[in-house]
Amino acid sequence: MLSYRHSFHAGNFADVLKHLVLIKILEYLGKKDKPFCCIDTHAGPGVYSLNEDFALKNKEFENGIAKLWLRDDLPESVAAYVKLIKTFNGKDQLSCYPGSPLIIKQFLRSQDRLFLYELHSTEIHILVNTVGKDRRIKVFHADGLKNTIGLLPPIEHRGLVFIDPSYEIKSDYPLVIETLIHMHRRFATGTYVLWYPVVERSRNRQLERALKKSGIKNVQLFELGIKTDTHELGMTASGMIVVNPPWTLAAEMQQTLPWLAIALGIENSGRYRIETLAGE
Ligand SMILES: C[S@@+](CC[C@H](N)C(=O)[O-])C[C@H]1O[C@@H](n2cnc3c(N)ncnc32)[C@H](O)[C@@H]1O
């Protein structure tokens with residue numbers, strides 16, 4: 001049974017990086033008139049209230065979106081991200097944080113499609129209500145990793161698979177890589193985005209090694225850390241691995257990540273990585 005609820009973490013530093021990169025990729029896909037297909041394998045509930053118990057328990061958003069909310073010196077990509085989050089909030093009050101389904105929906109044109117998968121029996125109901133009726137969007141109460149394979153390649157032959165697992169069990173790490181390799185075999189030109197937490201660095205090293213060994217080309221990694229790695233419990237950093245990224249993304253992240261590491265780093269311990277895991 002799944003116990004993870006993203007509402008505890010909504011708007012934290014990991015969501016800032018995750019959603020900022022997602023927005024950059026969606027902006028890029030929207031530059032051509034040709035339709036694109038987006039698959040969100042771990043959709044979550046779609047929206048989070050920052051005024052309710054879940055979010056208020058650890059107030060993780062305070063070291064994420066809330067720190068950026070009122071700043072007037074944001075780098076361009078951070079400003080675009082904050083502007084989008086503001087469209088979900090009335091006036092200047094930060095009370096609501098959109099999840100990936102609502103963020104992606106903002107970028108869909110009439111010709112684009114979105115597939116959303118969510119396994120949790122409560123989150124799926126919230127998701128269905130949040131997304132509402134929309135002929136471009138299909139929502140499934142099903143396993144996003146298993147079911148996405150059957151959708152690939154999409155008829156559009158253009159698109160994004162966004163993989164945002166909760167890594168509740170250790171086997172999730174090898175499972176996501178195996179699945180990503182399988183997906184890529186079916187749709188090698190698609191863009192894939194895999195989010196990862198850094199809780200125990202050795203797991204991340206294994207994940208990166210497995211990806212390098214896979215032979216998949218054109219893979220970049222963007223990581224934002226707010227503390228130095230530790231053996232204690234808790235996430236110190238998180239990152240996005242992007243297969244077939246927009247060619248503009250690495251340069252944009254060079255402008256963004258050093259700034260975010262300073263803005264969100266705790267006691268001057270912020271840091272970042274921008275790496276090419278496999279060349280083109
Ligand atoms: C990190 S949260 C997703 C957050 C969301 N992508 C966002 O940006 O707002 C992970 C979600 O995946 C769901 N989940 C876990 N395993 C899944 C699977 N195999 N297929 C679909 N959903 C899954 C969990 O219930 C949880 O809601």
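For the count that opens this tour, Ala, Val, Leu, Ile, Met, Phe, Trp, Tyr, Cys and Pro are taken as nonpolar, Asp, Glu, Lys and Arg as charged, and the others, Gly among them, as polar. The structure on display is a predicted model.

**The ligand shell.** Begin by selecting the ligand together with the 20 residues that surround it. By the classes above, this shell divides into seven nonpolar, nine polar and four charged residues. The closest are His42, Gly44, Gly99, Ser100 and His120.

**His42.** Next, select His42, which sits in the loop between strand E1 (37-40) and strand E2 (47-49). Is His42 buried or exposed? A residue with 20 or more other C-beta atoms within 10 Å of its own counts as buried; His42 has 23 and is therefore buried. Now display its contacts beyond four places in sequence: Tyr117, Gly144, Ile163, Asp164 and Pro165. Add Phe162 to the view; its C-alpha atom is separated by 7.9 Å from that of His42, although the two residues are 120 apart along the chain.

**Helix H8.** Proceed to residues 172-186, which form helix H8. Its 15 residues reach 21 Å from first C-alpha to last, close to the 21 Å expected at 1.5 Å a residue. Within H8, colour Val176, Ile177, Thr179, Leu180, Met183 and His184, which are buried. Looking down the axis of H8, one finds these buried residues within an arc of 165 degrees, so they line one face of the helix.

**The partners of H8.** Finally, show the elements against which the buried residues of H8 pack: helices H7 (144-148) and H9 (201-213), and strands E6 (159-163), E7 (191-198) and E9 (237-243).

Notes
Residues are numbered from 1 along each chain as its sequence is written. This is a predicted model: local features need pLDDT of at least 70, side-chain atom pairs count only at pLDDT 80 or more; totals for chains, interfaces and linings use all residues. A residue is near a molecule or strand if its C-beta atom, placed from the backbone, lies within 6 Å of it. Helices (H or I, at least four residues) and strands (E, at least two) are DSSP runs, numbered from the N terminus. The expected span of a helix is 1.5 Å times one less than its number of residues. A residue is buried if 20 or more other C-beta atoms lie within 10 Å of its own, exposed if 12 or fewer, and partly exposed in between; C-beta atoms are placed from the backbone. The arc is that of the directions from the helix axis to the C-beta atoms. Two residues are in contact if their C-beta atoms, placed from the backbone, lie within 7 Å.
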